[in-house]
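Dear colleague,

Please find below the structure that I am handing over to you. My notes on it follow, and I would ask you to read them with the structure open.

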Amino acid sequence: MAQVAAVLPAAGLGTRLRPLTQHIPKELLPVGRLPVIGHVLRELREVGVEAGTIVISPSKTSIRDYCGDGSTFGLQCTYVVQEVMRGVGDAVLCAVTSGVSAPVLVAFADCAILPRRGSEATSGTKRLVEAFHEHGAEAAVLCEEVPRERTRHYGVLAPAPGSDPSRGMPFELAGIVEKPDPATAPSCFVVAARWILGGAAIEAIRRQAPGPNGEVGITEAIAALIRAGGKVVAVPLGADERRCDVGNIRSYLSAQAFAALHDPEYGGEVATWLETELRLGRRGGV
């Protein structure tokens, strides 16, 4: 499989997780046996990535302390400081300016892609890298299906005519809409925290003006790239994997529950305890 460089945006402030993030970066919050960023680094190594650039803010030096040079995870880790929070697109540009070359695998450091217990399926991130190269795309995005009422929280994909995302295979995009009204959302397939960006995609981000919040988004830049005729493909998450992010308390609790239920050693015991707890309707202990 052809190599890509990895960039891990990790500069966000985590305000929606306070007080948990008052002194701990959200990327270091534990999900199961590892901090979130530890899962991401392990995932990257398992799909063949050898080096990653972690984009941090000036105050998040503890991420550097935890990840070190990356050797614990079999990677080579370097760091870039995003002095001002200008969004994920700007974080990617910070890494590219520091010398990272396209194509770039962007793996959000506050979001792990975890498998179900006992799964032997090929990871979505590996299939994403393969699809990017096999389809000759300018960009590729991992995606998942969500209930229509939740599409308002995501970048929503518009499949190209004739595409059938429900087959679980890579499909080409006709557009992306950022946080639409659910009634007008073009599908229920949304961006799932992993991108691969080729040279034209990086240039689209460079041209993208900041939004009303002052941030440069990847989704808006890729939407413009598609309108200009660029080829972008999407790869659905498999049935045996889950996007586990820590963007807010709700998603953090869900990630913890999934990691516990699918722990390779104790997941079965956790499932039994939960079934008993739900049946009895009272507190218990493992």
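**Notes on the predicted model**

L253 is found in helix α7, which covers residues 249–261. Please keep in mind throughout that the model is a predicted one. Is L253 buried or exposed? With a relative accessibility of 54%, L253 counts as exposed, because the limit for that class is over 50%. L253 also shows how the fold brings distant parts of the sequence together: its C-alpha atom is 9.1 Å from that of V31, although the two positions lie 222 residues apart along the chain.

**The chain as a whole**

The protein chain contains eight helices and 13 strands. Its radius of gyration is 19 Å, close to the 19 Å that the globule rule gives for 286 residues, so the chain is as compact as a globular protein of that length. Along the principal axes, the C-alpha atoms fill a box of roughly 60 × 45 × 40 Å. Of the 286 residues, 50% count as buried. Among the contacts with a separation of 6 or more, 76% are made by residues 24 or more positions apart.

**A pair of helices**

Please look next at helix α5 (residues 199–207) and helix α6 (residues 218–227). Their axes come within 8 Å and cross at roughly 115 degrees. The crossing of α5 past α6 is right-handed. Which residues of α5 and α6 meet? From α5 there are A200, A201, A204 and I205, and from α6 there are I218, A221, I222 and L225. The residues of this contact comprise eight nonpolar, no polar and no charged ones.

**A buried threonine**

T125 belongs to helix α4, which spans residues 124–134. Its relative accessible area is 1%, so T125 is buried, the limit being under 20%. The side chain of T125 makes a polar contact of 2.4 Å with the side chain of E43. Apart from neighbours within four places in sequence, T125 is in contact with E43, V47, L105, L142 and R194. E43 therefore appears both in this list of contacts and, because its side chain pairs with that of T125 at 2.4 Å, in the polar contact.

**Unusual backbone geometry**

Three places in the backbone deserve your attention. As background, most residues other than glycine have a negative phi, and most peptide bonds are trans.

- The peptide bond from R18 to P19 is cis, with omega near 10 degrees. P19 is placed in the loop between β1 (5–10) and β2 (30–31).
- K179 is not a glycine, yet its phi is positive, near 50 degrees. This residue sits in the loop between β10 (171–178) and β11 (189–197). K179 counts as exposed, at 52% relative accessibility.
- A193 likewise has a positive phi, of about 70 degrees, although it is not a glycine. A193 lies in strand β11. Is A193 buried or exposed? At 9% relative accessibility, A193 counts as buried.

K179 and A193 may usefully be viewed one after the other: K179 is in a loop and exposed, whereas A193 is in a strand and buried.

With kind regards

Technical notes
Residues numbered from 1 in each chain as written. Predicted model: local features only at pLDDT ≥ 70, side-chain atom pairs only at ≥ 80, totals over all residues. Heavy atoms only, no water. Axes fitted to C-alpha atoms, helices over the stretch in contact; angles between N-to-C directions. Helix = DSSP H or I, 4+ residues; strand = E, 2+ residues; numbered from the N terminus. Left-handed = near helix turned anticlockwise from the far one by under 90°. Contact = heavy atoms within 4.5 Å. Nonpolar A, V, L, I, M, F, W, Y, C, P; charged D, E, K, R; others polar. Buried < 20%, exposed > 50% of the residue type's maximum accessible area, 1.4 Å probe, protein only. Polar contact = N/O pair within 3.5 Å; in protein donor to acceptor, adjacent residues only side chain to side chain. Rg over C-alpha atoms; globule rule 2.2 N^0.38 Å.
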